[in-house]
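Visitor: I have a structure open and want to learn how to read its pockets and sheets. Where do we begin?

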Amino acid sequence: MTARTAPTDRRVDRVVAKVDIGPTPMSDHSALIIPPGDDAWTDPFLLMGEERVNQPGFEWHPHRGMETVTLVLDGALEHGDSMGNTGVLGPGDVQWMTAGRGVIHREVAARAEHAHVIQMWLNLPSHQKSVPTGYQDLRAGSHAVHTEPGVLVQVISGEAGAVRGPAVNHWPILGMVITLDPRAEYRQVLDGSERSFAYVIAGCLTVGGRTVRAGQIAWSDPVSRQGDPTTLVLAAGDADEQTKVMLFSGRPIGETVVAHGPFVMNSRAEIVQAYRDFHSGKFGSIPRHTRLPAGA
(Lines give C-alpha, C1' and ligand atoms only; values in the text may rest on other atoms or scores of the structure.)
Protein backbone atom coordinates (compact mmCIF):
# COMPACT_ATOMS: atom_id res chain seq x y z
CA MET A 1 0.00 0.00 0.00
CA THR A 2 1.29 3.46 -0.87
CA ALA A 3 0.47 6.71 0.89
CA ARG A 4 -1.91 9.02 -0.95
CA THR A 5 -0.20 12.16 -2.20
CA ALA A 6 -1.37 15.27 -0.37
CA PRO A 7 -2.82 17.95 -2.67
CA THR A 8 -0.40 20.70 -3.58
CA ASP A 9 -1.49 24.35 -3.50
CA ARG A 10 -2.07 25.86 -6.92
CA ARG A 11 -0.71 29.21 -7.95
CA VAL A 12 -2.37 31.94 -9.98
CA ASP A 13 -0.59 32.47 -13.29
CA ARG A 14 -2.23 35.76 -14.28
CA VAL A 15 -4.90 38.22 -13.16
CA VAL A 16 -6.82 40.05 -15.88
CA ALA A 17 -9.39 42.84 -15.55
CA LYS A 18 -12.62 42.73 -17.53
CA VAL A 19 -12.82 45.12 -20.47
CA ASP A 20 -15.82 47.47 -20.51
CA ILE A 21 -17.29 47.90 -23.98
CA GLY A 22 -20.18 50.15 -23.03
CA PRO A 23 -23.61 50.30 -24.69
CA THR A 24 -24.26 48.02 -27.67
CA PRO A 25 -27.26 47.55 -29.96
CA MET A 26 -28.24 44.54 -27.80
CA SER A 27 -27.66 45.75 -24.23
CA ASP A 28 -27.31 48.86 -22.11
CA HIS A 29 -23.79 47.87 -21.11
CA SER A 30 -21.45 45.09 -22.18
CA ALA A 31 -18.08 43.88 -20.86
CA LEU A 32 -15.67 41.11 -21.84
CA ILE A 33 -14.37 39.01 -18.96
CA ILE A 34 -12.79 36.33 -21.17
CA PRO A 35 -12.10 37.83 -24.60
CA PRO A 36 -12.35 35.40 -27.54
CA GLY A 37 -9.33 34.30 -29.54
CA ASP A 38 -6.87 33.39 -26.76
CA ASP A 39 -7.78 29.71 -26.80
CA ALA A 40 -4.31 28.46 -25.84
CA TRP A 41 -4.61 30.42 -22.58
CA THR A 42 -8.28 29.76 -21.79
CA ASP A 43 -9.12 26.28 -23.21
CA PRO A 44 -11.75 24.82 -22.61
CA PHE A 45 -13.36 28.22 -21.89
CA LEU A 46 -13.91 30.20 -25.08
CA LEU A 47 -15.25 33.56 -23.90
CA MET A 48 -17.26 35.15 -21.10
CA GLY A 49 -19.20 38.38 -21.16
CA GLU A 50 -21.28 40.46 -18.79
CA GLU A 51 -24.43 42.10 -20.10
CA ARG A 52 -27.02 44.50 -18.72
CA VAL A 53 -29.87 43.67 -21.06
CA ASN A 54 -32.87 45.95 -21.42
CA GLN A 55 -34.24 46.24 -24.93
CA PRO A 56 -34.00 44.80 -27.50
CA GLY A 57 -31.71 42.06 -26.11
CA PHE A 58 -30.30 39.21 -28.18
CA GLU A 59 -32.98 38.30 -30.68
CA TRP A 60 -33.08 35.07 -32.68
CA HIS A 61 -29.60 33.80 -33.61
CA PRO A 62 -28.01 30.37 -34.22
CA HIS A 63 -25.25 28.38 -32.48
CA ARG A 64 -23.38 25.16 -33.20
CA GLY A 65 -20.46 23.22 -31.72
CA MET A 66 -20.38 24.64 -28.18
CA GLU A 67 -22.27 25.14 -24.93
CA THR A 68 -23.31 28.31 -23.12
CA VAL A 69 -23.61 28.82 -19.37
CA THR A 70 -25.71 31.84 -18.37
CA LEU A 71 -25.91 33.12 -14.79
CA VAL A 72 -28.57 35.72 -13.96
CA LEU A 73 -27.29 38.17 -11.33
CA ASP A 74 -30.35 40.42 -11.27
CA GLY A 75 -33.59 40.98 -13.16
CA ALA A 76 -35.38 38.52 -15.42
CA LEU A 77 -34.09 36.93 -18.63
CA GLU A 78 -36.58 35.45 -21.09
CA HIS A 79 -35.35 32.73 -23.42
CA GLY A 80 -36.77 30.65 -26.23
CA ASP A 81 -35.42 28.26 -28.85
CA SER A 82 -36.17 26.45 -32.10
CA MET A 83 -36.92 23.28 -30.13
CA GLY A 84 -39.97 24.96 -28.61
CA ASN A 85 -38.48 25.64 -25.16
CA THR A 86 -39.31 28.93 -23.47
CA GLY A 87 -39.11 30.40 -19.98
CA VAL A 88 -37.84 33.10 -17.67
CA LEU A 89 -34.70 32.97 -15.52
CA GLY A 90 -34.44 35.00 -12.31
CA PRO A 91 -31.63 35.98 -9.91
CA GLY A 92 -29.35 33.06 -9.13
CA ASP A 93 -30.76 30.88 -11.93
CA VAL A 94 -28.36 29.27 -14.40
CA GLN A 95 -29.05 28.03 -17.90
CA TRP A 96 -26.73 25.43 -19.41
CA MET A 97 -27.43 25.24 -23.13
CA THR A 98 -25.89 22.63 -25.42
CA ALA A 99 -25.92 24.04 -28.94
CA GLY A 100 -24.41 20.81 -30.29
CA ARG A 101 -25.51 20.15 -33.86
CA GLY A 102 -27.47 23.39 -34.08
CA VAL A 103 -30.06 25.59 -32.40
CA ILE A 104 -31.69 28.98 -32.91
CA HIS A 105 -32.47 30.86 -29.71
CA ARG A 106 -33.11 34.25 -28.18
CA GLU A 107 -32.33 36.01 -24.88
CA VAL A 108 -34.17 39.20 -23.93
CA ALA A 109 -35.22 41.06 -20.80
CA ALA A 110 -38.55 39.63 -19.69
CA ARG A 111 -41.64 41.84 -19.58
CA ALA A 112 -39.67 44.89 -20.76
CA GLU A 113 -37.66 44.85 -17.52
CA HIS A 114 -33.91 44.29 -17.33
CA ALA A 115 -31.50 41.40 -16.92
CA HIS A 116 -27.95 41.55 -15.53
CA VAL A 117 -26.25 38.37 -16.72
CA ILE A 118 -22.89 36.69 -17.15
CA GLN A 119 -22.61 34.25 -20.05
CA MET A 120 -19.73 31.90 -20.80
CA TRP A 121 -19.08 29.82 -23.91
CA LEU A 122 -17.63 26.34 -23.38
CA ASN A 123 -15.92 24.42 -26.13
CA LEU A 124 -16.85 20.86 -27.07
CA PRO A 125 -14.36 18.30 -28.44
CA SER A 126 -14.69 17.42 -32.12
CA HIS A 127 -16.48 14.12 -31.47
CA GLN A 128 -19.18 15.93 -29.43
CA LYS A 129 -19.85 18.98 -31.60
CA SER A 130 -22.87 17.29 -33.21
CA VAL A 131 -24.53 16.02 -30.02
CA PRO A 132 -28.28 16.72 -29.69
CA THR A 133 -29.28 20.23 -28.67
CA GLY A 134 -30.41 20.62 -25.09
CA TYR A 135 -31.38 23.11 -22.38
CA GLN A 136 -30.89 22.74 -18.65
CA ASP A 137 -32.62 25.43 -16.61
CA LEU A 138 -30.93 25.13 -13.21
CA ARG A 139 -33.01 27.13 -10.76
CA ALA A 140 -31.31 28.80 -7.81
CA GLY A 141 -33.11 26.50 -5.38
CA SER A 142 -31.91 23.38 -7.21
CA HIS A 143 -28.17 24.05 -6.91
CA ALA A 144 -26.33 21.70 -4.60
CA VAL A 145 -25.11 23.57 -1.51
CA HIS A 146 -21.93 23.03 0.47
CA THR A 147 -21.37 25.12 3.60
CA GLU A 148 -18.44 25.78 5.91
CA PRO A 149 -18.07 28.48 8.58
CA GLY A 150 -18.42 31.78 6.73
CA VAL A 151 -18.63 30.05 3.33
CA LEU A 152 -21.57 29.22 1.07
CA VAL A 153 -20.82 27.19 -2.08
CA GLN A 154 -23.59 26.86 -4.67
CA VAL A 155 -22.49 24.01 -6.90
CA ILE A 156 -23.73 24.17 -10.49
CA SER A 157 -21.61 21.42 -12.01
CA GLY A 158 -19.15 18.88 -10.62
CA GLU A 159 -18.41 18.23 -6.95
CA ALA A 160 -17.57 20.30 -3.88
CA GLY A 161 -17.30 18.63 -0.51
CA ALA A 162 -19.87 15.83 -0.48
CA VAL A 163 -22.31 17.41 -2.95
CA ARG A 164 -22.66 17.32 -6.72
CA GLY A 165 -24.17 20.03 -8.89
CA PRO A 166 -27.24 19.32 -11.07
CA ALA A 167 -25.73 20.12 -14.49
CA VAL A 168 -25.18 17.22 -16.89
CA ASN A 169 -21.97 17.74 -18.86
CA HIS A 170 -20.64 16.57 -22.20
CA TRP A 171 -17.12 17.71 -21.22
CA PRO A 172 -16.41 17.50 -17.46
CA ILE A 173 -16.61 20.97 -15.91
CA LEU A 174 -16.57 22.07 -12.29
CA GLY A 175 -18.64 25.21 -11.76
CA MET A 176 -19.78 27.02 -8.63
CA VAL A 177 -20.61 30.39 -7.10
CA ILE A 178 -18.94 30.97 -3.73
CA THR A 179 -19.93 33.56 -1.14
CA LEU A 180 -17.39 34.26 1.62
CA ASP A 181 -17.85 36.30 4.78
CA PRO A 182 -15.03 38.66 5.77
CA ARG A 183 -11.87 36.73 6.78
CA ALA A 184 -13.34 33.40 5.65
CA GLU A 185 -11.26 30.90 3.67
CA TYR A 186 -12.25 28.15 1.26
CA ARG A 187 -10.09 25.41 -0.26
CA GLN A 188 -11.26 23.63 -3.42
CA VAL A 189 -9.56 20.41 -4.54
CA LEU A 190 -8.97 20.37 -8.31
CA ASP A 191 -7.46 17.89 -10.73
CA GLY A 192 -3.93 19.00 -11.57
CA SER A 193 -4.60 18.63 -15.31
CA GLU A 194 -7.39 21.23 -15.25
CA ARG A 195 -7.33 24.92 -16.09
CA SER A 196 -9.22 26.97 -13.52
CA PHE A 197 -10.42 30.52 -13.15
CA ALA A 198 -11.93 32.56 -10.36
CA TYR A 199 -13.95 35.63 -11.39
CA VAL A 200 -14.78 38.08 -8.61
CA ILE A 201 -18.35 39.34 -8.97
CA ALA A 202 -18.26 41.44 -5.79
CA GLY A 203 -15.75 42.16 -3.04
CA CYS A 204 -12.05 41.33 -2.87
CA LEU A 205 -10.06 38.23 -1.94
CA THR A 206 -6.78 36.44 -2.43
CA VAL A 207 -6.71 33.50 -4.84
CA GLY A 208 -3.62 31.33 -4.66
CA GLY A 209 -1.97 34.16 -2.75
CA ARG A 210 -2.77 36.84 -5.37
CA THR A 211 -5.12 39.74 -4.64
CA VAL A 212 -8.12 39.73 -6.96
CA ARG A 213 -10.79 42.45 -6.92
CA ALA A 214 -14.30 42.76 -8.32
CA GLY A 215 -14.19 42.70 -12.11
CA GLN A 216 -10.95 40.71 -12.25
CA ILE A 217 -10.40 37.09 -13.25
CA ALA A 218 -7.56 34.93 -11.87
CA TRP A 219 -6.28 32.05 -14.01
CA SER A 220 -4.56 28.91 -12.75
CA ASP A 221 -3.12 26.77 -15.55
CA PRO A 222 -2.68 22.97 -15.50
CA VAL A 223 0.22 21.92 -13.28
CA SER A 224 0.45 18.14 -13.59
CA ARG A 225 -0.87 15.02 -15.27
CA GLN A 226 -4.49 13.96 -14.90
CA GLY A 227 -5.35 12.56 -11.49
CA ASP A 228 -2.91 14.52 -9.37
CA PRO A 229 -4.85 16.46 -6.69
CA THR A 230 -4.23 20.16 -6.21
CA THR A 231 -5.88 22.79 -4.02
CA LEU A 232 -6.90 26.33 -4.89
CA VAL A 233 -7.15 28.55 -1.81
CA LEU A 234 -9.60 31.49 -1.74
CA ALA A 235 -9.40 33.83 1.26
CA ALA A 236 -11.60 36.88 1.84
CA GLY A 237 -10.16 40.06 3.32
CA ASP A 238 -11.27 41.87 6.45
CA ALA A 239 -13.61 44.36 4.76
CA ASP A 240 -17.21 44.56 5.97
CA GLU A 241 -18.76 43.21 2.76
CA GLN A 242 -19.16 39.64 1.58
CA THR A 243 -17.21 38.44 -1.43
CA LYS A 244 -18.89 36.57 -4.30
CA VAL A 245 -16.81 34.68 -6.84
CA MET A 246 -17.39 32.28 -9.75
CA LEU A 247 -15.00 29.32 -9.76
CA PHE A 248 -14.83 27.11 -12.85
CA SER A 249 -12.37 24.40 -13.81
CA GLY A 250 -11.96 21.98 -16.71
CA ARG A 251 -9.32 19.99 -18.55
CA PRO A 252 -8.15 21.67 -21.78
CA ILE A 253 -9.46 19.97 -24.92
CA GLY A 254 -6.31 20.73 -26.91
CA GLU A 255 -7.89 20.90 -30.37
CA THR A 256 -7.78 23.57 -33.06
CA VAL A 257 -10.57 26.10 -32.60
CA VAL A 258 -12.11 27.82 -35.61
CA ALA A 259 -14.83 30.23 -34.55
CA HIS A 260 -16.91 32.52 -36.73
CA GLY A 261 -19.85 34.48 -35.37
CA PRO A 262 -22.06 32.07 -33.42
CA PHE A 263 -20.35 28.85 -34.58
CA VAL A 264 -17.36 27.11 -32.97
CA MET A 265 -15.85 24.25 -34.98
CA ASN A 266 -12.46 22.70 -35.77
CA SER A 267 -12.00 23.79 -39.38
CA ARG A 268 -13.02 26.47 -41.84
CA ALA A 269 -14.88 23.87 -43.90
CA GLU A 270 -17.02 23.00 -40.86
CA ILE A 271 -17.88 26.67 -40.39
CA VAL A 272 -18.99 26.93 -44.02
CA GLN A 273 -21.12 23.80 -43.55
CA ALA A 274 -22.68 25.25 -40.40
CA TYR A 275 -23.85 28.32 -42.32
CA ARG A 276 -25.21 26.11 -45.10
CA ASP A 277 -27.13 23.96 -42.64
CA PHE A 278 -28.51 27.01 -40.84
CA HIS A 279 -29.71 28.70 -44.04
CA SER A 280 -31.22 25.45 -45.33
CA GLY A 281 -33.38 25.08 -42.20
CA LYS A 282 -31.55 22.20 -40.51
CA PHE A 283 -31.43 24.12 -37.21
CA GLY A 284 -35.21 24.26 -37.08
CA SER A 285 -37.44 27.30 -37.37
CA ILE A 286 -38.32 30.23 -35.16
CA PRO A 287 -41.45 29.38 -33.15
CA ARG A 288 -44.66 31.08 -34.22
CA HIS A 289 -45.17 32.53 -30.73
CA THR A 290 -41.95 34.33 -30.02
CA ARG A 291 -42.81 35.98 -26.70
CA LEU A 292 -44.27 34.70 -23.49
CA PRO A 293 -47.78 35.97 -22.77
CA ALA A 294 -48.00 38.99 -20.50
CA GLY A 295 -47.84 38.02 -16.84
CA ALA A 296 -46.16 34.67 -17.54
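Guide: Begin with a term. Strands are DSSP runs of E, at least two residues, numbered from the N terminus. Keep in mind that this is a predicted model.

Visitor: Which strands each supply at least two residues of the lining of the largest pocket?

Guide: They are β4 (29-34), β5 (45-53), β6 (58-63) and β12 (115-123). Of these, β5 gives the most, with four residues.

Visitor: How many residues line the largest pocket, and which lie nearest its centre?

Guide: The lining has 22 residues. Leu47, Glu51, Phe58, Gln119 and Trp121 lie nearest the centre. The space inside is about 500 Å³.

Visitor: How do the residues of that lining divide?

Guide: Sort them by type. There are 12 nonpolar, eight polar and two charged residues.

Visitor: What is the volume of the second largest pocket?

Guide: About 220 Å³. Its lining includes Gly158, Arg164, Pro172 and Asp191. Two elements, β18 and β19 (185-191), give two or more residues to this lining. β19 gives the most, with four. By type, the lining has five nonpolar, two polar and four charged residues.

Visitor: Now the sheet. What is the order of its seven strands?

Guide: Read across the sheet, not along the chain. The order is β2-β23-β20-β25-β18-β15-β14, the pairing is antiparallel, and the sheet is open. Its edge strands, β2 (14-17) and β14 (144-148), each pair on one side only. Neighbouring strands are turned by 20 degrees against each other on average, direction ignored.

Visitor: Over how many bridges do β15 and β18 pair?

Guide: Six, joining residues 151-157 of β15 with residues 173-180 of β18 in the antiparallel sense. For one bridge, find leucine 152: its partner in β18 is threonine 179.

Terms used:
Residues numbered from 1 in each chain as written. Predicted model: local features only at pLDDT ≥ 70, side-chain atom pairs only at ≥ 80, totals over all residues. Heavy atoms only, no water. Pairing = 2+ DSSP bridges. Axes fitted to C-alpha atoms, helices over the stretch in contact; angles between N-to-C directions. 1 Å grid on protein atoms, 1.4 Å probe; cavity = no way out; pocket = protein on both sides within 12 Å on 5 of 7 lines; lining within 4 Å. Points joined across faces, edges and corners; volume = space filled by probe spheres on them. Nonpolar A, V, L, I, M, F, W, Y, C, P; charged D, E, K, R; others polar.
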